Amino acid sequence: MSAAQVHLSDYIAIIKKRKGVVIIFSFALISIVALFSYMSTPVYKATAQIIISKDISVPLAAGNMLDRDTRNDTFYQTQVNLLRSRGLALKVIEDLKLWEEFYRRPAGKGVLSDILPEPLSPPGEGGPSTVSAPDETADAQKPRSIPAGPEMSRIIDWYLGNLRIQPFRNSQLANISFLAPSPETAARVANAHARAFIEMTTQMKISAFKNGLNWIMNQLRQQKNILEASQSIMDMESEIMDMRDRLDMLKDKRQEIAVTYGPKHPKMAAINSAITQLEKEIETSKGKLAELGRAGPVKADINYEVLKQEVESDRQTYDFLLKQAKELGLASLLNTSNVSIVDEAEVPRAPVKPRTFLNIILAVVMSMFMGPFLAFFFEYMDNTVKTPEDVQRRLGIPVLGIIPFYKSKQRKRDTALFWDEPVKKKRKHAKTYYASDVANPLIPGIQMILQKEPGQAFFIQSATSGEGKTTVLANSALRLSRNGFSVLMVDADLRHPSLHRVFGVENTDGLVDAMQQVMSLNIHSGTLDKCSVDDLFTFISLKKLSGSLAVNNNGNAISAFFDNGRLYHVESRENPFANRLGSMLVSGGFITGAQLEDALERNRRTGQPLGYILVNAGYITLDKLRGPVKLQMEEQLQKLFSWKHGTFRFERTNLKPYENERIDFEENYNAIIQRLSHTGGSRVFEEAILSHIKTLANPHVSLLTAGGETEEINGMRFVMLLSKFTDILKQHFDIVLVDTPPLLEDPDATLLSSVADGVILVIKSGRLSVKTLKEASTAVKEVNARLSGAVLNHVTS
């Protein structure tokens, strides 16, 4: 169907068709969800809310102060990550002794026991993992030591797996939640985690304050030393400056008195001595100043004003550090934190999971979508034959009939076979139709064939078992009998016979018993009144015997020679001359009269066959001799099969095709023998098969059951026997319906198809794939059987 032809009704029809899939999937999904929801351990969630305020500035480097709140997002995220730290988890576990909850998980009382279902042994004298966990009662009373090593790491993982930290964007709030099967445990752990975090941040802050205070005190001591050194240098520099001023004054005074006094004057000598003494003092002071400059950060040759400014700066730094030291000293004495609890966790009244009602609602919604989806998926993946159009288009087989399926008929063990009217018109009358009162288009088609040529054998076949061929055969037989036809049903499915169950008869004295009866025939010698020529030829062929069969009738004798059941020569010395091979060859212009006389003379003298003499003498070739020999054989066979009385004798010998110069053209005379068998008739085979037929309540319907089991009759021998019996039965019944083994399950089933006048393939709608049915139909066609058509069974509307 093209996309343009698809309508909503088509989708609805698919859902209706696959409603079993939809219902089963929906019921299974909802049941599984409900079962798991009710059987799951309830989990409670308790939540505490905290606020993380701005932090206090802490000195981190010399001469710099770093405010932690300058990057608030980073600080807040750091605090949130600290809430998930393993160290904090370890502290809470140790404070609350949660390893006891961890060990009690197998009893269903631990915190989230479904997260890590495998129990760990508590530590004991034999090591952290060598002691098995005791039972619940003893475990509740026995104290446990603190785990260590890998075992504690497992407990921390379990704890963090149940911890939930939820920060709020654009705020300083965060939720701390914990999941546990016990509501009290959940609230207790959530509050303990919040308090432990506050305690941890407080200790971290005090530690930071102390570290900052120590750093400031170190800086303060260093700055004090620098200030004292700078002050000393500045004082000495001031003293040197004063001495230089005095030196300059002395030098000026010496110049003034030098005009009045000579160099050796006592006044000049006193001034020179003072100048010399002052210069020495200046040099001594410069030496000391140089030493101070090497010991501290202040340069000795720095400008006095600059030096004065540095001293003032050092004094201000010293005063600032002294003030910070006093503040940090005071802050370190305060036990404060920037984290506080806004709302403590309360004991939850209802579990957070499983949410049974919501889970079931979700399962219902999911089934409403997934159910139809599965229906469409199965329909798409369904490669089976479901409609008459599928049979005709994909298999190339005409549809002879359609058998609808109704639940009411299934309960009554009946099959509804309607006439050729639309099924929809008959729906309302479905309860009044019984298997024996209804028919399908198959029946009128068979009736037309029987009216033209009665005595037909139809083989009802299927690809595999379970297609309903036995039901179709039985109902068709009943309907045909009501139209006045004599019908025989034959159950040829020896492995799984079922026709006897349909009609409530015993599966005894059936087809197999008739076959065993004829196979036990002794043809060493006898009369044609009890065993006809047709019986003899059939038995020799079935047994694959080799030897000569001599038949006498009122002084006439004909001998037939067989090799492994195959007829290859027939001869009779009592034939009139005109019918002999020689006269046929002369009249046909194959040889001359002289050549025939020479050959006959040799025949009388040597006893060799005439054909062998003619070929050996070069009078005729084998190809030209083939036609007359075959014609002579047919004449001999016609005469032999016309004998109704006489005697016969069969001698088993391993004859060679060319023994006694007999020429074997390897001709197949089966068609001629089969045609002559209708005129000659059968006695043994006919009596055997007719004696095992059962007449049912309806005089027009007869049944030949499968009979007992046999391993001797199978393969080609079974096919040949059934073919012979079928030919006989067609002479006594208007129609023979044969229930055969499935084509793809029994190797003999395909060979049986070649025996039928028509093969009817029964197909159960929606059961077998196109590939499987093609294999079955191809197998029928490969043996040149006539595939009359198909009956589509179990069609749902």
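Is Asn564 buried, partly exposed or exposed? Asn564 is partly exposed, with a relative accessible area of 46%; buried stands for under 20% relative accessible area, exposed for over 50%, and partly exposed for values in between (1.4 Å probe, protein chains only).

This is a predicted model, in which local features need pLDDT of at least 70, side-chain atom pairs count only at pLDDT 80 or more, and totals for chains, interfaces and linings use all residues. Residues are numbered from 1 along each chain as its sequence is written, and side-chain values use heavy atoms, with hydrogens and water left out.

**The chain as a whole**

The protein chain has 28 helices and 19 strands. Helices (H or I, at least four residues) and strands (E, at least two) are DSSP runs, numbered from the N terminus. Of the 797 residues in the protein chain, 44% are buried. Carbon and sulfur atoms hold 53% of an accessible surface of about 42400 Å², computed by the Shrake-Rupley method with a 1.4 Å probe. Among contacts (heavy atoms within 4.5 Å) between residues at least 6 apart in sequence, 76% join residues at least 24 apart.

**A four-stranded sheet**

An open sheet of 4 strands follows the order β4-β5-β1-β6, with antiparallel pairing; two strands pair if DSSP finds at least two bridges between them. β4 (163-167) and β6 (339-343) are at the edges with a single partner strand each, so one side of each has no neighbour in the sheet. From one strand to the next the twist averages 30°. Within the sheet, β1 (residues 44-52) and β5 (residues 173-180) run antiparallel and are joined by 8 bridges. Ala46 stands opposite Phe178 in β5. Helix α7 (residues 150-162) lies across β4 and β5 and runs at about 45° to β4. Axes are lines fitted to C-alpha atoms, for helices over the stretch in contact, and angles run from 0 to 180 degrees between N-to-C directions.

**Backbone exceptions in loops**

Most residues other than glycine have a negative phi, and most peptide bonds are trans. Two residues with positive phi are set out below.

| Residue | Phi | Loop | Relative accessible area |
|---|---|---|---|
| Asp509 | near 50° | between α17 (499-502) and α18 (511-519) | 47% |
| Asn564 | near 55° | between β12 (556-563) and β13 (566-571) | 46% |

Asp509, like Asn564, is partly exposed. The peptide bond from Lys353 to Pro354 is cis, with omega near 0°. Pro354 is in the loop between β6 and α11 (356-381).
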